[in-house]
Amino acid sequence: MLHGRRGICTAGGGLGCSLDPERIVITGGCMDSVALCLRAVTQPGDVVALESPTHFSFLEVLQSLQLKALEIPTHPRHGLSVDALQLALDTQPVKALLLVPTLSNPLGSCMPQAERKRLVQLAAQHGLPVIEDAIYADLAEGDAMRRTLKSYDSSGQVMLCHSFSKTLAPGLRLGWLEAGRWTAQVRHIKEMQAGGQSAVLELALADLITQAGHHAAMRQLRAAIAVRVDQARQVIAQCFPAGTRVSDPPGGLLLWLELPQGVGAVPLHEACLAEQILIPPGRLFGAAGRFPQGVRIGLGGDWTAQHLDALRRVGEIARHLLRGAVTV
C-alpha cells in the first residue's frame, strides 16, 4: 500500500530522514524488522556487536538465529562507545552492529550527534551493516536527539527499524524498515514468510500520523512521560537505600538503577516477585550475566498511584536486604 508507506515517510521527517516510500518494508513490529535485517546480513555463527547492557529481546533474537553477541561498552548518558567499537572491528570478525542510539533499552542513553556521525563513517569504512532500532526516538525530549544514524548515511550502511507501539498503541503489531543496501534481500526474505500485515491497519496508521494534531499529541505525551519519570526518580531518592544510583534519561519510559553493594539485583527481584512486583534484574540485559547490581524500572502502560506505591515497596525491600547483609 503505497499510500501507507508515504505516510510513514512523512513521519520519518521527524527522524531527520528523507525516505523513499518505494523502499519501505512493512513488518509485524520493530523486533520483526530487526530479525529481518539480521537474516539479510548474517549467517549462523556470525558475530554481531551490540550495546552492553542491551535489551534482552535482542539477545533472544541472536540466539534464535544462532548468532554470537559481542557486547560493546555503553555509557548511561552517551550511549555506545565508538572507540570500543573501533577496537572490536579491528580485532573481531564483526558482521553487523545492532543498537538503539536514542533512548536505549535499558539505559535510556542518547548518543551525541557527533558520535552518531562518526559511527556511520566508521561503518562505511568497514562495510559494516548497522541495524538501528529507533522505536523510542519519538519519545526523546529534544528534536536534535530524534535525529537518526540513518540521516547521516550516504552509502546505505544503516538499516532503520521503527514502530509506533511506544507512542500510539502498545499492542500495535505494525512496524517498518528501510534497509539501505540490503533492501532487495530484506524484501525477498519478507516475501518468503507466510502471512502479511493488514492493509486497513496500515492505511489507518498513515492517516493518523499525518494528521495536523499528531505532533501536538506527541508533545503532550512527552510532557506526561516527563512528569512520570520525575515522580519515579523522587520515590527512588526517598525510599531506596543510600548509594542507589538512577539514570536521568532525556525522555522515554525506562529508568536504570545501580544498587549499592550488599543489595543484589537477583535477590531483590525474587523478593519483589513474591509480592507480585516485577523488576527485571540486570543479568537479563547481558549475554554473560553481568550487571549484578543493575535493575530496570519500566514506566509504561497505565501508570497509576498504585505503581508508585509498588515502587516505594521495592525500595523498602531493598533497604531490608541491605540491613540483612550488614548484620551478617
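In what order do the 3 strands of the open antiparallel sheet lie? The legends below, which describe a predicted model, begin with that sheet.

**View 1. Three strands form an open sheet.** The strand order is 9-10-11, and the pairing is antiparallel. Strand 9 (245-246) and strand 11 (294-298) are the edge strands, and each of them pairs on one side only. In general, strands of a sheet pair through backbone hydrogen bonds, in either a parallel or an antiparallel way.

**View 2. Strand 10 pairs with strand 11.** Strand 10 covers residues 254-258 and is joined to strand 11 by 5 bridges in the antiparallel sense. Glutamate 258 stands opposite glycine 294, a residue of strand 11.

**View 3. Eight strands form another open sheet, with mixed pairing.** Across this sheet the strands follow the order 1-8-7-6-5-2-3-4. Its edge strands are strand 1 (24-27) and strand 4 (79-80), each pairing on one side only.

**View 4. Strand 5 and strand 6 run parallel.** Strand 5 spans residues 94-99 and strand 6 spans residues 130-133, with 3 bridges between them. Leucine 97 has valine 130 in strand 6 as its bridge partner.

**View 5. Helix 2 and helix 6 meet strands of the eight-stranded sheet.** Helix 2 (residues 30-41) lies across strand 1, strand 2 (47-52), strand 5, strand 6, strand 7 (158-163) and strand 8 (175-178). Helix 2 runs at about 160° to strand 7. Helix 6 (residues 183-192) packs on the sheet and touches strand 1, strand 7 and strand 8. The direction of helix 6 makes about 30° with that of strand 1.

Conventions: Residues are numbered from 1 along each chain as its sequence is written. This is a predicted model: local features need pLDDT of at least 70, side-chain atom pairs count only at pLDDT 80 or more; totals for chains, interfaces and linings use all residues. Side-chain values use heavy atoms; hydrogens and water are left out. Two strands pair if DSSP finds at least two bridges between them. Helices (H or I, at least four residues) and strands (E, at least two) are DSSP runs, numbered from the N terminus. Contact means heavy atoms within 4.5 Å. Axes are lines fitted to C-alpha atoms, for helices over the stretch in contact, and angles run from 0 to 180 degrees between N-to-C directions.
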